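Biologist: I would be grateful for a close look at the largest cavity in this structure, together with its setting in the rest of the chain. Which residues line the cavity, and which elements do they come from?

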Amino acid sequence: MARPRRPQARDAEGGSGKRPGQPRGDRGRRPGGPWPVTRRTGPAGGGRFTVNDGSGRGGLRRGTLRAEGEAAGTSRAGIGARRPGRGHGLLHGELGTRWGRRAFYRKFELYSMAWNLKEDLRDCLVAAAPYGGPIALLKNNFRKEKSPGSRPLLEIYSASGVPLASVLWKSGQVVELGWTASEDLLCIQEDGTVLIYNLFCEFKRHFSMGNEVLQNHVREAKVFHTEYGTGVAILTGAHRFSLTTNIDDLKLRRMPEVPGLQKLPSCWAVLSQDRVTIILLAVGQDLYLLDNTSCSVVTPPGISPHAGAYVQMAVSFNYRYLALFTDTGSIWMGTSSLKEKLGEFNCDFRAPPRQMVWCTRPRSKQRAVVVAWDRRLLVAGNSKECIQFVLDEDSYLVPELDGVRIFSCTTHEFLHEIPEASEEIFKIASMAPGALLLEAQREYEKQSQKADEYLREIKDQNLLAEAVRQCIEAAGYEHEPETQKSLLRAASFGKCFLDKFPPESFVWMCRDLRVLNAIRDYQIGVPLTFAQYKQLTIEVLLDRLVLRRLYPLAIKICEYLRLSEFQGVSRILAHWACYKVQQKDKSDEEVAHAINQKLGDTPGISYSEIAARAYDCGRTELAIKLLEYEPRSGEQVPLLLKMKKSQLALNKAIESGDTDLVYTVVLHVKNELNRGTFFMTLQKQPVALSLYRQFCKHQELETLKDLYNQDDDHQELGNFHVHSSYSSEKRIEGRVAALQNAVDEYYKAKNEFAAKATEDQIKLLRMQRRLQDELDKPYIDYSLHDTVYNLILDGHHKRAEQLYRDFRIPDKRFWWLKISALAEREDWEEMEKFSKSKKSPIGYLPFVEICMKHHNRHEAKKYAARVTPEQRVKAHILVRELDQAADAAIEHKNENEMNLVLSKCTAATDSSVVEKINRAKAQTLKK
């Protein structure tokens, strides 16, 4: 019959008060430390000690008090502590190590469990998540016959036993439960199907481990964690292994077969070596290692030849160490690579243990294995010493980063190696600087002069900074708030006597402990240690609080630690909003308003993500209302399209002014609607229609033609036919036909100019085709000017003149074309003949310019004499007759022309011309 427990409550600083179900405070503290003195029985150096556990039975615990190699009679009392409750003392002993340092272990109560289990733990499948995670229970129908018509209940509890959720199991036979790194529950069924649930028994998804597993059924399964993610390993009825190293990126691996294996292995484990996942299994006295390609027999180094058959194995929390238990009671401990032996221990119990797990601590050289039978717990290290505990009820072990959690139907405890800082401070008769500082602070509170004596002793050794550091570090390892406060007060007291002690470590420790005390609260039930908290990081802790829907606590922690809004409060509020939209007891309007009131314009909040969650929950109207608060159109539009709100999505895209977004919506609507409805939709949106036409011009010409036809846009249809005649048609007949269609459309559009121009183009194409056939030279696709130019260049003057007449080329343009072509051909005789054929409509200065361009000064002089008087100066300058140019300028009495001639003169060769012009200018000035 359980003893009544005193209620406790937690104070404002996370301290221990009085609330039902919580652990009770310590009693019987000694003046120098927080734990009761352990009394030794028997003569000095004896091998037993007794801890008064408050149960009235004396609570005998066995433990060797001598380190390896220590002479009898020189033992010392080990560090001990207890908390009243269900007959377990908190200690309880020390283990010698091969490095010569004693390792102390203690076991203390985390919670008095609040659950009211209907089944014993031995009759249930049990899975507890690491890092103080939740506990899942499912009645194991393999172990106990189920009554007809009954269904087992899948239950999830917090680490303090507070129910989180439960659901009747209606699926297949479950073989194993396990937790992912993100605290999702994996339920591995006999048929190889793995069902995934969240913390609140809400189904998320499922996957299968393959057809072979389905055919042969799952006999055993394990959930493991690697750097790739959470993995699942399966042992089938055909004695074959299959595994996946990451359930989020499912890649099944079928492991090699073990030769001659006719029965299930006695034990097996999943190891990780060099980023490769392998399986170690035991069959009698043989060990087999299965990697990706082969099966090999291995032998642990240094194991006793009489060790016997392997019946249990355990891999450490970090997958670096391996422990093997044999049927002779031998425990071999070594590295998981099976290359180094750490130690071997022989115990008196040969029955296969129910569980075996590692108990390690980061940065500690001590390695210990915790072995559990029905009513006994044994802690064995790498020496001949061990610590034993009597278990009052069925218990379950949960390996952690820095220890082992042990829970039963009534209690939840933590067993771990005591860190060096705590050991130095609380060890009996310790003279460590931290112990002296703690005692000095206590004496100071009593206003005793001993405080000064202790301080002087520390300062004389120049160890005050070390004492402060020890107290700060030890505070992090303590679970009781009162002990934490005592150590931090001592550290603060010591800092007052130091000039340059950095305060950051003290400040951060205070903050971290306040966070830890808050989440360790009975109602929260996350018993993280300081080491686990640092390994997990505050970001992951916040994620886990959010998964538990503890939004107010998560926000308070963010505000207390002053985290950035994007990293903290914004992200949590977004999760809260996603949870809020799942509550269907309020109207869409109320939920949308409540979310907007809470979130407002908080940086980092995406209303579109919240709206997407609402849509997934079947609340389309709520999703639309939430999207109204989303300022980014690029986030609104994709979800509106997903909800088939195409018209609204198109409006939002046009309002954004983002053409790419409009194109996205238009193309989506095109694939969603039939052609006619699509065109009618675009008619209502001129901006979208215009952009779609631009798109069709480059991508879908036939669709563009259909758009013009639907709109009766004859002008654009004409343009379309003209464009297609050159871009699509290769044959002349096709081009002419397309251009004729364009002519028809231009006449319908009453654009006579465009129609006449297109008719001229048809006429030119036909003439070019004839010229090409007759002259055997390409003329097609030349412009009218180029055609005439090339005809003259080739000497076909009559054909050129025919085009000149047929197409009514202006005289000036034709004369320019002809003299340019003749000059390029260097047909100067024909050019002179052409210049005399009739009066030049362009004058004769162009003749001079063309001749000089082709470096024929002789011909240019012929035409310079024929230019008009106004252009004579320029013509003489072009042919480099500066003397005649000067005479013409003087004759015209034009000062600008005189200056132009002067600018072309050089002093060495044209001095007479310069003199002539200067004299003329002087006479002009006199007049």
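Modeller: A residue is called buried here when its relative accessible area is under 20%. By that criterion, in this predicted model, buried residues make up 51% of the 927 residues in the chain. The chain is built from 33 helices and 32 strands. Among contacts with a separation of 6 or more, 51% are accounted for by residues 24 or more positions apart.

Turning to the cavity itself, a search of the whole structure finds six cavities of 30 Å³ or more. The largest cavity has a volume of about 150 Å³. Its lining consists of 16 residues, and those closest to the centre are Asp-402, His-416, Pro-419, Tyr-477 and Thr-529. Three elements give two or more residues each to this lining: the strand β32 (411-417) and the helices α5 (464-477) and α8 (530-536). In chemical character, the lining of the largest cavity divides into seven nonpolar, four polar and five charged residues.

An open space may be set beside this enclosed one. The second largest pocket has a volume of about 610 Å³. It is lined by 26 residues, and Val-546, Leu-547, His-575, Cys-578 and Arg-613 lie nearest its centre. The elements that give two or more residues to this pocket are α9 (538-547), α11 (569-580) and α13 (607-616). Of these, α11 provides the largest share of the lining, with six residues. The lining of this pocket comprises 11 nonpolar, seven polar and eight charged residues.

The packing of nonpolar residues completes this part of the picture. In soluble globular proteins, nonpolar side chains tend to be buried together. The largest nonpolar core in this model holds 91 residues, and Leu-437 and Ile-595 touch the most other members. Leaving aside residues up to four places away in sequence, Ile-595 touches Trp-576, Ala-577, Lys-580, Val-581, Gly-600, Tyr-607, Ile-610 and Leu-626. A second, separate core of 37 residues includes Leu-771, Tyr-804, Leu-845 and Ile-850.

Two further regions deserve mention. The first is a sheet. Strands of a sheet pair through backbone hydrogen bonds, either parallel or antiparallel. Here, four strands form an open sheet in the order β14-β15-β16-β17, with antiparallel pairing. The edges are taken by β14 (218-226) and β17 (253-254); each has a single partner strand, so one side of each is left without a neighbour in the sheet. Strand β16 (residues 241-244) is joined to β17 by two bridges, and the two strands run antiparallel. Leu-243 stands opposite Arg-253 in β17.

The second region is the loop between β21 (295-298) and β22 (310-315), where Gly-308 is found. Gly-308 has a relative accessible area of 17%, and because the limit for a buried residue is under 20%, Gly-308 counts as buried. Beyond residues up to four places away in sequence, Gly-308 touches Gln-285, Thr-326, Asp-327 and Thr-328. The C-alpha atoms of Gly-308 and Asp-327 are separated by 5.8 Å, although the two residues are 19 residues apart along the chain.

Conventions: Residues are numbered from 1 along each chain as its sequence is written. This is a predicted model: local features need pLDDT of at least 70, side-chain atom pairs count only at pLDDT 80 or more; totals for chains, interfaces and linings use all residues. Side-chain values use heavy atoms; hydrogens and water are left out. Buried means under 20% relative accessible area, exposed over 50%, partly exposed in between (1.4 Å probe, protein chains only). Contact means heavy atoms within 4.5 Å. On a 1 Å grid over the protein atoms alone, a cavity is a set of points where a 1.4 Å probe fits but cannot get out, and a pocket is an open set with protein on both sides within 12 Å along at least five of seven lines; lining residues have an atom within 4 Å of a point. Grid points are joined across faces, edges and corners, and a volume is the space filled by probe spheres set on the points. Ala, Val, Leu, Ile, Met, Phe, Trp, Tyr, Cys and Pro count as nonpolar, Asp, Glu, Lys and Arg as charged, and the others, Gly among them, as polar. A nonpolar core is a set of buried Ala, Val, Leu, Ile, Met, Phe, Trp, Tyr and Cys residues joined through side-chain atoms within 4.5 Å. Two strands pair if DSSP finds at least two bridges between them.
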